[in-house]
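This report introduces a protein structure to a reader who has not met it before. Please keep the sequence and the model in view while reading.

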Amino acid sequence: KRVVMLSLVLMFAVSCDDSPTSPSDPNVALFTAILLPGNEVPAITNADAAASGTMQLKMTVTRDAANTITGASYDFTVNVTGFPANATLTGAHIHNGPAGANAGVVVNLGLAAGEFVLATGQQSFSKNGIIAGQNAAAVAQSIFNNPPGNYFNVHTTLNTGGAVRGQLVRSN
(Lines give C-alpha, C1' and ligand atoms only; values in the text may rest on other atoms or scores of the structure.)
Protein backbone atom coordinates (compact mmCIF):
# COMPACT_ATOMS: atom_id res chain seq x y z
CA LYS A 1 0.00 0.00 0.00
CA ARG A 2 2.79 2.44 0.87
CA VAL A 3 4.55 1.88 -2.47
CA VAL A 4 1.32 2.47 -4.39
CA MET A 5 0.54 5.59 -2.35
CA LEU A 6 4.06 6.96 -2.82
CA SER A 7 3.84 6.28 -6.55
CA LEU A 8 0.52 8.13 -6.76
CA VAL A 9 1.93 11.10 -4.85
CA LEU A 10 4.96 11.26 -7.14
CA MET A 11 2.79 10.98 -10.27
CA PHE A 12 0.56 13.79 -9.00
CA ALA A 13 3.55 16.01 -8.17
CA VAL A 14 5.03 15.52 -11.63
CA SER A 15 1.69 16.16 -13.35
CA CYS A 16 1.17 19.39 -11.39
CA ASP A 17 4.31 21.04 -12.69
CA ASP A 18 3.33 24.65 -13.36
CA SER A 19 6.54 25.57 -15.16
CA PRO A 20 5.95 28.21 -17.81
CA THR A 21 6.25 26.95 -21.36
CA SER A 22 7.15 30.33 -22.81
CA PRO A 23 9.31 33.22 -21.57
CA SER A 24 7.62 35.90 -19.49
CA ASP A 25 6.88 39.34 -20.91
CA PRO A 26 9.95 41.54 -20.32
CA ASN A 27 7.66 44.57 -20.10
CA VAL A 28 5.68 43.24 -17.13
CA ALA A 29 7.14 43.08 -13.65
CA LEU A 30 5.39 41.83 -10.54
CA PHE A 31 6.18 43.10 -7.05
CA THR A 32 4.94 42.49 -3.52
CA ALA A 33 5.33 44.23 -0.18
CA ILE A 34 4.54 43.03 3.34
CA LEU A 35 3.07 46.03 5.16
CA LEU A 36 3.87 46.41 8.86
CA PRO A 37 3.62 49.36 11.28
CA GLY A 38 7.13 48.62 12.58
CA ASN A 39 8.54 49.40 9.12
CA GLU A 40 7.35 53.01 9.30
CA VAL A 41 9.91 55.65 10.30
CA PRO A 42 9.37 56.16 13.18
CA ALA A 43 7.62 52.86 13.97
CA ILE A 44 3.90 53.11 14.74
CA THR A 45 3.03 52.50 18.40
CA ASN A 46 -0.54 53.85 18.67
CA ALA A 47 -3.88 52.19 17.83
CA ASP A 48 -2.69 51.31 14.28
CA ALA A 49 0.20 49.24 15.73
CA ALA A 50 -1.78 45.99 15.37
CA ALA A 51 -2.36 46.54 11.65
CA SER A 52 -0.68 44.72 8.79
CA GLY A 53 -1.20 44.12 5.12
CA THR A 54 0.06 43.10 1.73
CA MET A 55 0.44 44.87 -1.57
CA GLN A 56 0.72 43.23 -4.98
CA LEU A 57 1.79 45.32 -7.96
CA LYS A 58 1.81 44.61 -11.67
CA MET A 59 3.93 47.20 -13.49
CA THR A 60 3.70 47.27 -17.28
CA VAL A 61 6.44 49.35 -18.86
CA THR A 62 6.59 50.99 -22.26
CA ARG A 63 9.85 51.16 -24.18
CA ASP A 64 11.23 53.08 -27.14
CA ALA A 65 13.03 51.59 -30.15
CA ALA A 66 16.30 51.49 -28.16
CA ASN A 67 14.53 49.39 -25.46
CA THR A 68 14.72 52.26 -22.95
CA ILE A 69 11.81 52.46 -20.48
CA THR A 70 9.69 55.50 -21.35
CA GLY A 71 6.87 55.06 -18.82
CA ALA A 72 4.66 52.56 -17.02
CA SER A 73 1.20 51.80 -15.77
CA TYR A 74 0.61 50.27 -12.36
CA ASP A 75 -2.09 47.86 -11.16
CA PHE A 76 -2.33 47.49 -7.37
CA THR A 77 -4.10 45.04 -5.07
CA VAL A 78 -3.92 46.01 -1.41
CA ASN A 79 -5.14 44.05 1.62
CA VAL A 80 -5.04 45.56 5.11
CA THR A 81 -6.23 44.17 8.44
CA GLY A 82 -5.92 44.79 12.17
CA PHE A 83 -6.80 48.48 12.06
CA PRO A 84 -9.24 49.89 14.61
CA ALA A 85 -12.87 49.71 13.50
CA ASN A 86 -13.84 52.66 11.29
CA ALA A 87 -10.24 53.67 10.54
CA THR A 88 -10.10 55.80 7.40
CA LEU A 89 -7.41 55.35 4.77
CA THR A 90 -6.12 58.71 3.56
CA GLY A 91 -3.46 57.65 1.09
CA ALA A 92 -1.47 54.83 -0.45
CA HIS A 93 1.75 55.36 -2.38
CA ILE A 94 5.08 54.11 -3.62
CA HIS A 95 7.96 56.17 -2.26
CA ASN A 96 11.51 56.12 -3.61
CA GLY A 97 13.47 55.32 -0.45
CA PRO A 98 15.33 52.46 1.23
CA ALA A 99 14.31 50.72 4.45
CA GLY A 100 14.75 53.00 7.45
CA ALA A 101 14.44 56.25 5.51
CA ASN A 102 11.48 58.38 4.47
CA ALA A 103 11.22 59.77 0.95
CA GLY A 104 8.82 61.48 -1.41
CA VAL A 105 5.88 59.89 -3.21
CA VAL A 106 6.62 58.70 -6.76
CA VAL A 107 3.41 56.74 -7.54
CA ASN A 108 0.16 57.87 -5.91
CA LEU A 109 -2.90 55.62 -5.89
CA GLY A 110 -5.09 58.73 -5.60
CA LEU A 111 -7.41 57.60 -2.83
CA ALA A 112 -10.38 59.94 -2.54
CA ALA A 113 -11.31 61.41 0.85
CA GLY A 114 -13.42 58.84 2.69
CA GLU A 115 -13.12 56.28 -0.13
CA PHE A 116 -12.02 53.52 2.26
CA VAL A 117 -13.44 53.52 5.79
CA LEU A 118 -12.54 50.21 7.43
CA ALA A 119 -15.78 49.41 9.27
CA THR A 120 -14.31 46.16 10.64
CA GLY A 121 -10.66 47.24 10.55
CA GLN A 122 -9.89 45.45 7.31
CA GLN A 123 -10.24 46.12 3.59
CA SER A 124 -9.14 44.81 0.23
CA PHE A 125 -9.05 47.08 -2.78
CA SER A 126 -7.58 47.39 -6.24
CA LYS A 127 -6.47 50.42 -8.20
CA ASN A 128 -5.58 49.84 -11.84
CA GLY A 129 -4.08 51.87 -14.64
CA ILE A 130 -2.25 54.26 -12.32
CA ILE A 131 0.33 56.44 -14.09
CA ALA A 132 3.22 58.10 -12.25
CA GLY A 133 3.21 61.88 -12.45
CA GLN A 134 6.56 63.61 -12.83
CA ASN A 135 9.57 61.74 -14.20
CA ALA A 136 7.48 58.70 -15.11
CA ALA A 137 10.29 57.00 -17.04
CA ALA A 138 12.86 57.52 -14.26
CA VAL A 139 10.39 56.30 -11.62
CA ALA A 140 9.62 53.14 -13.59
CA GLN A 141 13.32 52.49 -14.24
CA SER A 142 14.12 52.93 -10.53
CA ILE A 143 11.41 50.48 -9.45
CA PHE A 144 12.38 48.03 -12.21
CA ASN A 145 16.12 48.14 -11.40
CA ASN A 146 16.04 48.45 -7.61
CA PRO A 147 12.75 47.31 -6.05
CA PRO A 148 14.01 47.38 -2.42
CA GLY A 149 15.03 51.02 -2.92
CA ASN A 150 11.30 51.77 -3.01
CA TYR A 151 8.56 51.26 -0.45
CA PHE A 152 4.78 51.17 -0.40
CA ASN A 153 2.76 52.50 2.48
CA VAL A 154 -0.81 53.18 3.51
CA HIS A 155 -1.78 56.29 5.48
CA THR A 156 -4.68 56.75 7.92
CA THR A 157 -6.28 59.69 9.67
CA LEU A 158 -4.45 58.60 12.83
CA ASN A 159 -1.08 58.22 11.07
CA THR A 160 -1.01 60.79 8.29
CA GLY A 161 2.66 60.05 7.53
CA GLY A 162 1.98 56.33 7.11
CA ALA A 163 0.55 53.50 9.20
CA VAL A 164 1.93 50.36 7.52
CA ARG A 165 4.89 50.07 5.17
CA GLY A 166 6.92 47.54 3.22
CA GLN A 167 9.84 47.56 0.77
CA LEU A 168 9.09 46.29 -2.74
CA VAL A 169 10.22 42.78 -3.65
CA ARG A 170 10.25 41.57 -7.26
CA SER A 171 8.25 38.37 -7.61
CA ASN A 172 8.89 37.40 -11.24
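The following paragraphs treat the nonpolar core, the aromatic rings, an exposed loop residue and a buried arginine. The model is predicted.

**The nonpolar core**

In soluble globular proteins, nonpolar side chains tend to be buried together. In this model, the largest nonpolar core holds 38 residues, and the members that touch the most others are Met59, Tyr74, Phe76, Val78 and Phe152. Several elements each supply at least two residues of this core, among them helix H2 (136–145) and the strands E1 (28–35), E2 (52–63), E4 (87–95) and E8 (151–156). The largest share comes from strand E3, with 6 residues.

**Aromatic rings**

A pair of aromatic rings is described by the distance of the centres and the angle of the planes. The model contains 3 aromatic pairs. One of them joins Tyr74 and Phe76, whose ring centres are 6.4 Å apart and whose planes differ by 25°. This pair counts as stacked because the angle is under 30 degrees. Tyr74 has a relative accessibility of 0% and therefore counts as buried. Phe76, also at a relative accessibility of 0%, is likewise buried. Together with Phe152, Tyr74 and Phe76 form one aromatic cluster.

A further ring, that of Phe144, is accompanied by charged groups. The charged end of Arg63 sits over this ring, and the charged end of Arg170 also sits over the ring of Phe144. The table gives the distances.

| Charged residue | Ring | Distance from the ring centre |
|---|---|---|
| Arg63 | Phe144 | 5.4 Å |
| Arg170 | Phe144 | 4.8 Å |

**An exposed loop residue**

Ala113 is located in the loop that lies between strand E5 (105–108) and strand E6. Is this residue, Ala113, buried or exposed? Its relative accessibility is 85%, so Ala113 counts as exposed. Along the chain, Ala113 and Thr88 are 25 residues apart, and 8.7 Å separates their C-alpha atoms.

**A buried arginine**

Arg165 belongs to strand E9, which covers residues 164–167. Although buried, Arg165 has no salt bridge. Which side chain of opposite charge is nearest to Arg165? It is that of Glu40, at 4.8 Å. A salt bridge requires a separation within 4 Å, so the distance of 4.8 Å to Glu40 does not qualify. The side chain of Arg165 does, however, make a polar contact of 3.3 Å with the side chain of Gln167.

Terms used: Residues numbered from 1 in each chain as written. Predicted model: local features only at pLDDT ≥ 70, side-chain atom pairs only at ≥ 80, totals over all residues. Heavy atoms only, no water. Core = buried A, V, L, I, M, F, W, Y, C linked by side-chain atoms within 4.5 Å. Buried < 20%, exposed > 50% of the residue type's maximum accessible area, 1.4 Å probe, protein only. Helix = DSSP H or I, 4+ residues; strand = E, 2+ residues; numbered from the N terminus. Phe/Tyr/Trp six-rings, centres within 6.5 Å; stacked < 30°, edge-to-face > 60°. Lys NZ or Arg CZ within 6 Å of the ring centre and 35° of its normal. Lys, Arg positive; Asp, Glu negative; His and termini not counted. Polar contact = N/O pair within 3.5 Å; in protein donor to acceptor, adjacent residues only side chain to side chain.
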